[in-house]
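Here are some questions on the pockets of a model, one residue and one annotated span. Each is followed by a short answer.

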Amino acid sequence: MNSLLSIASIGAIPIAKWVNAFFAWLTGFAGFFNAITLFLNTVMNGIQWVFDIIPIWLFIVIILLGTWFLFRKTKHWGFMLFELLGFLLIWNQGYWREMTQTLDLVLTTCLLIIIIGVPLGTWMAKSKIVQTIVSPIMSFLQTMPAFVYLIPAVALFGIGQVPGVFASVIFSIPPIVNMTNLGIRQVPSEYLEVSESFGCTAWQKLFKVQFPLAKPTVMSGINQGIMLALSMVVIASMIGTMGLGEAVYFAVGRNDVGTGFAAGIAIVILAIVLDKISKGLGGANKTDAGSNE
């Protein structure tokens, strides 16, 4: 009892004060964060410009042709029909540009988590010390409520698309880091021994043996990252991120069930398409082909 009273008399640990002091220190590097904002805005504006100049019908044709090429061995005609009808429905409902804005955010996020996550996961697989440090950090990021990421995003990057990308990257990067680490560690030791017997260097062993064998696992992590990034769409709309999430957010504010439902359907269609295509890029179509045979 006395020990409990002594703990209570200490007072609350000033965690909030420490965190605020840390971010106040970070805001002193405004030039650095402004440079990141400028770079990401340039990338996103470039992607959006491409989406805007392509006629809608041509965009749909390109997606269908890409899907056919990706799944040409298994001939997923049902999925291609779903893509066609789904994109036509989004066009019909007047959410086409919002859909491309959402796709812009997801693609930018996906690019960043690959650039950051794959090397970090590889480093974890190569070093027990790095894994010991990074693994709990990834677990922490996965369990932290998504809304919390909006606070540092606004503090560092203000309002707009870039803070939405920042929050999406932080929220969606753990799967690709963990799956890259897992995929490389699961490569059978026999393959590594054979590559070493042929005189492969460490880089050759990594890029010609480990990465090809770990590709399905790494792509599974990318697929999970894409889905998590898409789940941040509505949340990120609270800090000025445009797209389908903004339409849902405004519908909630106006208590407009119909508009929110229509925009939600567009998000579901985009999520299914991205999920299927990313799995196909990871080799799921080859597995399906083998099972069909």
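Q: Which residues lie nearest the centre of the largest pocket?
A: This is a predicted model, in which local features need pLDDT of at least 70, side-chain atom pairs count only at pLDDT 80 or more, and totals for chains, interfaces and linings use all residues. Residues are numbered from 1 along each chain as its sequence is written, and side-chain values use heavy atoms, without hydrogens or water. A pocket is an open set of points on a 1 Å grid over the protein atoms alone where a 1.4 Å probe fits, with protein on both sides within 12 Å along at least five of seven lines; lining residues have an atom within 4 Å of a point. The largest pocket has 14 lining residues, and nearest its centre lie Phe 23, Tyr 149, Pro 152, Phe 166 and Ile 170.

Q: Which helix gives the most to the lining of the largest pocket?
A: Helices are DSSP runs (H or I, at least four residues), numbered from the N terminus. At least two lining residues come from each of H2 (15-26), H7 (128-143), H8 (150-157) and H9 (161-185). With four residues, the top contributor is H2.

Q: How many charged residues are in the lining of the second largest pocket?
A: Asp, Glu, Lys and Arg count as charged; Ala, Val, Leu, Ile, Met, Phe, Trp, Tyr, Cys and Pro are nonpolar, and the others, Gly among them, are polar. The second largest pocket has a volume of about 350 Å³, the volume being the space filled by probe spheres set on grid points joined across faces, edges and corners. Of its 21 lining residues, Ile 63, Leu 103, Leu 107, Leu 274 and Ile 277 are the closest to the centre. The lining has 18 nonpolar and three polar residues, and the number of charged ones is no residues.

Q: Is Thr 37 buried or exposed?
A: Thr 37 belongs to helix H3 (residues 30-53) and touches Phe 157 and Val 162, leaving aside residues up to four places away in sequence; contact means heavy atoms within 4.5 Å. Buried means under 20% relative accessible area, exposed over 50%, and partly exposed in between (1.4 Å probe, protein chains only). Because its relative accessible area is 17%, Thr 37 is buried.

Q: How far apart are the end C-alpha atoms of residues 99-278?
A: UniProt lists this span as "domain: ABC transmembrane type-1" in an unreviewed entry. The span is 85% helix and 0% strand. Its end C-alpha atoms are separated by 18 Å.

Methods:
UniProt positions renumbered as here; feature names shortened; annotations may be inferred.
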